[in-house]
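Got your viewer open and your selection tool ready? Let's take a walk through this one, stop by stop.

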Amino acid sequence: MFENLSDRLSGVFDRLTKQGSLSDEDVKTALREVRVALLEADVSLPVARDFVKAVQDKATGQAVTRSITPGQQVVKIVHDELVHVLAGDTEEPGKLRIDNPPAPILMVGLQGSGKTTTTAKLAKRLKDREGKKVLMASLDVNRPAAMEQLQILGTQIGVDTLPIVKGEDPVTIAKRAKTQASMGGYDVYMLDTAGRLHIDQELIAQAAAVRDVANPRETLLVVDGLTGQDAVNVATEFDDKIGVSGVVLTRMDGDGRGGAALSMRAVTGKPIKFVGLGEKMDALETFEPDRIAGRILGMGDIVALVEKAQETIEAEQAEKMMKRFQKGRFNMNDLKMQLEQMLKMGGMEGLMGMMPGMGKMAKQMEGAGFDDGILRRQIALIQSMTKLERANPQILQASRKKRIAKGAGLEVSELNKLLKMHRQMADMMKKMGKGGMLKQAMKGMF
Ligand code: GDP
């Protein structure tokens, strides 16, 4: 599905990873080629530009270890950025919000995009893989053939369809589907709305009316992946007018250049949930950014190698930090690292839960409304300190405090709370260090 892009990129990185050292110019040249490769794959210009810039920024500030070459490091950064651009802050791949049966799924899209086929493919998947009882209903009252097509597919895959009643309007059909789904004990009912060749007023009005009666948790937009940037434009328009929760890109088995997949999330903010890879009923795959990025780059070995090396660096850092803590050295830089770690690990609860003896403190903090917002404010306060102040927080007097708080756009009282917390943590680290508990506690943290 991404053959051309993949070929181009592996050419660029083959050269890069063979070099022992890299100059800024080498990286720049490589990234220029990456940009061209992305544009040739029909990735939108702003997305390609942002992509290259993000890689450039990260490549500059990276700590390089002895065990990997700079080129390998760049490959890993590109890989991570690909995952990021494909996923955003994605939920679990392929996961649909279909709790609370009967859960309605609204299928929308242009005519010919593969909407009816995808409806059936998805119904089959939910039935076979998740054991769901699914009901499908076609709302395409203008095209009786489309209604029959869904019925035929339903028979083929063993999924029920709502009986066709001539002369009903889409809203009535949607209501009937809802009733039948409730009474028949269905887990999910899928509404295959009418498609048009272009987005027009009537299409939108109809889909919106159905949406309003069905109140779907998932509104999946089906778009033809072969149409490249047009697919992204269609998605933007549907999302503006109807609101979609996810995208299914069809015909990704064709010779599409894959650009739509790469731009979709960045441009529309909507995740691609599935990709269609053929006409057969099981030719539907969950869209897994990690795997797709791996497929595009084709450099899984290098990515794994760099991950391993990074783990080693982190373990070394943790070891060093622990030694310092045991000696009672716990300054603001350490606290900042801890706070950042907490954010990464899902906030206060996640972290404190892993540290024996910290449970009580976690409760106190929770009681004080301790949440990610506070973590971020505390990090901002520390960032507002000078190097000297971070290393020696005891020198903070009134005027310094005022300056720091102002720099972070916060009150001195918040800074005082942070300082108090730092003192408490430093004390505790020291005590735990003596009893050997610290080592135990820190094991789970990195
Ligand atoms: P609708 O008008 O949007 O409902 O489109 P259909 O579901 O009728 O699909 C139109 C055509 O595209 C049919 O011939 C499908 O078999 C085909 N099709 C749908 N999805 C895919 C896909 O992922 N890959 C390929 N190659 N063909 C597909």
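Here is a short tour, from the whole chain to one helix and then to the ligand.

**Stop 1: the whole chain.** Keep in mind that what you're looking at is a predicted model. Colour the protein chain by secondary structure and you'll find 20 helices along with eight strands. Next, colour by burial: 39% of the 446 residues count as buried. As for contacts with a separation of 6 or more, 75% of them link residues 24 or more positions apart.

**Stop 2: helix α11.** Select residues 289–297, which make up α11. Which of its residues are buried? Show side chains for Pro 289, Ile 292, Ala 293, Ile 296 and Leu 297, and you have them. Now look down the axis of α11: these buried residues fall within an arc of 125°, so they line one face of the helix. To see what that buried set packs against, add α1 (3–18) and α4 (70–87) to the view. Before moving on, click on Gly 298, which follows α11 and has a positive phi, near 60°.

**Stop 3: the ligand.** Centre on the ligand and bring up the 18 residues that surround it. Label the closest ones: Gly 114, Lys 115, Thr 116, Thr 117 and Gly 276. Which helix gives the most to this shell? Select residues 115–130 and you have it: α5, with three residues. Finally, colour the shell by residue class, and it splits into twelve polar, four charged and two nonpolar residues.

Methods:
Residues numbered from 1 in each chain as written. Predicted model: local features only at pLDDT ≥ 70, side-chain atom pairs only at ≥ 80, totals over all residues. Helix = DSSP H or I, 4+ residues; strand = E, 2+ residues; numbered from the N terminus. Buried ≥ 20, exposed ≤ 12 C-beta atoms within 10 Å, placed from the backbone. Contact = placed C-beta atoms within 7 Å. Arc of directions from axis to C-beta. Near = placed C-beta within 6 Å. Nonpolar A, V, L, I, M, F, W, Y, C, P; charged D, E, K, R; others polar.
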